[in-house]
Amino acid sequence: MATVVALPRLSDTMEEGVIAKWHIKPGDKVKRGQMIAEIETDKATMEFESFDAGVVLELVAPEGKTLPIGAPIAVFGQAGEDPKAALSGAAKAPAKAESKPAAKTDAAPASKHAAKPDAEPAAKTDAAPAAKPDAAPASSTDARPDAKPEPRDDGRIAASPLARRLARERGLALADIEGSGPHGRVVKTDVERAASAPRAAAAAAPASAGDTVLELSMMRKTIAKRMAQANAEIPHFYLTIVVDMDRAAAVRDELAAAEVKVSYNDLIVLACAKALRIHPEVNAYWNGQTIVRRGDVHVGIAVAVEDGLVVPVLRHTDRMSLSEIAASARTLGGKARERALEPAQMTGSTFSVSNLGMFGIEAFAAVVNPGEGAILAVGGIADEAVVRAPAAGGAPTLAVGKRMRVTLSCDHRVMDGATGAKFLATVRGLLEQPLRMLA
């Protein structure tokens, strides 16, 4: 019997995928576990190994086309078998899938770089939809597809009753709202997001002849959606301090002389990890109804890549030595730039560090990642004129010192200003006396 191969979920934030390259063609015999395609997700291009065996009857998805999770991409079966019946059955599957619970597709992604046949496929054509229609919590798994709501046979826009009522009350047209439910169904959170979104986009000037319209990569789509969600739903506040980096620079120079390669960012990550253990109220997030304090400290490091941003995660960062942080950061940073990170290496962060100092940025404020309570934005280190405290009986002196500005962006639902200030004070203290965290 012919089997429809569906586009699998290969990361926790993946809602769409692109067949970057097929490694099979119609007529080929495929073994279970054979790598059959490369799939571009929102963060990486990953190898896809077949969950099924058989003869390739048809490749449904062309290379380069964006498809939602669960979309048919190929049909396997016996030689000479007609794939149309299997595809027809798959096309009817979504209606049944809507009634299934969300837990199945909300499960953690496979930990291997390539999807393995031993693991349950994240999404078959008869699998459950990506999430509960009206689920509200802001979490790392809340990314939704950009699908426009699909009209039903009677011409109505697919939407939940609650979403219809909210849209009517707020004067919004369902047709103008992007649905994040199964197959583009508009749900409560979509209406709330649309209601809170700035209207500037709708009033934007039309493209002129000299403009260039760029197609969005999977990564850029995800960044756009998650950051818009974060700005709309997370009440941010910001705290900035100046850090004396003279001693940190001296320690870094001493380590370099001993051929131990450590960056300033490695020192900052270590300081944050230590401070998060001291201040667990910052190592927390808002889950929609309550505050969740994380038991572990996993620091994400923002890495700029060619067409976006990736945040590799250093797990149990507070238990790592400085050299371990440096080595892991180099390895994961390199894999991020090659878009070769495994899903487990870019999910589960409890706090993030974003450093733009190498680009000459003095100070900036970052956007809190959904699923975290705070993020530290790091500016560059510069020589500045500073006033030294006077020695006993003497007068203050003017000197040159290395100074760095860091800004903590906080979710006000999770913490207050004093909480963030105490955390920042600890980070500053560790960086200004780095031997305390290296002992």
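Two strands pair when DSSP finds at least two bridges between them. Keep that in mind as you open this predicted model, because the tour starts in a sheet.

**Stop 1: the sheet**

Select strands 5, 4, 2 and 7, in that order. Together these four strands make an open sheet with antiparallel pairing. Now look at its two edges, where you will find strand 5 (45–49) and strand 7 (66–68). Each of these edge strands has a single partner, so one of its sides has no neighbour in the sheet. Turn the view to follow the strands across: from one strand to the next, the twist averages 40°.

**Stop 2: strands 4 and 5**

Zoom in on strand 4 (residues 35–40) together with strand 5. Five bridges link this antiparallel pair. To see how the two strands line up, pick Glu-38 and look across to strand 5, where Glu-47 stands opposite. Then select Met-35, whose bridge partner in strand 5 is Glu-49.

**Stop 3: strands 2 and 4**

Keep strand 4 on display and add strand 2. This pair is antiparallel as well, with four bridges. Which residue of strand 4 stands opposite Trp-22? Select Ala-37 and you have found it.

**Stop 4: the helix across the sheet**

Bring in helix 5, which covers residues 218–233. This helix lies across strand 2 (16–22), strand 4 and strand 7. Compare directions, and helix 5 runs at about 170° to strand 2.

**Stop 5: Arg-247**

Leave the sheet and select Arg-247, a residue of helix 6 (residues 246–257). Is Arg-247 buried or exposed? Its relative accessibility is 52%, so Arg-247 counts as exposed, the cut-off being over 50%. Next, show what Arg-247 touches: leaving aside residues up to four places away in sequence, the contacts are Glu-432, Gln-433 and Pro-434. Add Leu-431 to the selection too. Arg-247 and Leu-431 are 184 residues apart along the chain, while 7.8 Å separates their C-alpha atoms.

**Stop 6: a nonpolar surface patch**

For the last stop, select Met-358, Phe-359 and Ile-361 and switch on the surface. These residues form a nonpolar patch there, and their accessible area together is about 330 Å². Centre on Met-358, and you are in the loop between strand 16 (351–355) and strand 17 (374–388). Met-358 counts as exposed because its relative accessibility is 58%.

Methods:
Residues numbered from 1 in each chain as written. Predicted model: local features only at pLDDT ≥ 70, side-chain atom pairs only at ≥ 80, totals over all residues. Heavy atoms only, no water. Buried < 20%, exposed > 50% of the residue type's maximum accessible area, 1.4 Å probe, protein only. Contact = heavy atoms within 4.5 Å. Axes fitted to C-alpha atoms, helices over the stretch in contact; angles between N-to-C directions. Patch = residues over 30% accessible without salt bridge, like charges linked within 9 Å, V, L, I, M, F, W, Y side chains within 5 Å. Areas by Shrake-Rupley, 256 points an atom, 1.4 Å probe, with all protein chains shown as cover. Salt bridge = Lys/Arg side-chain N within 4 Å of Asp/Glu carboxyl O.
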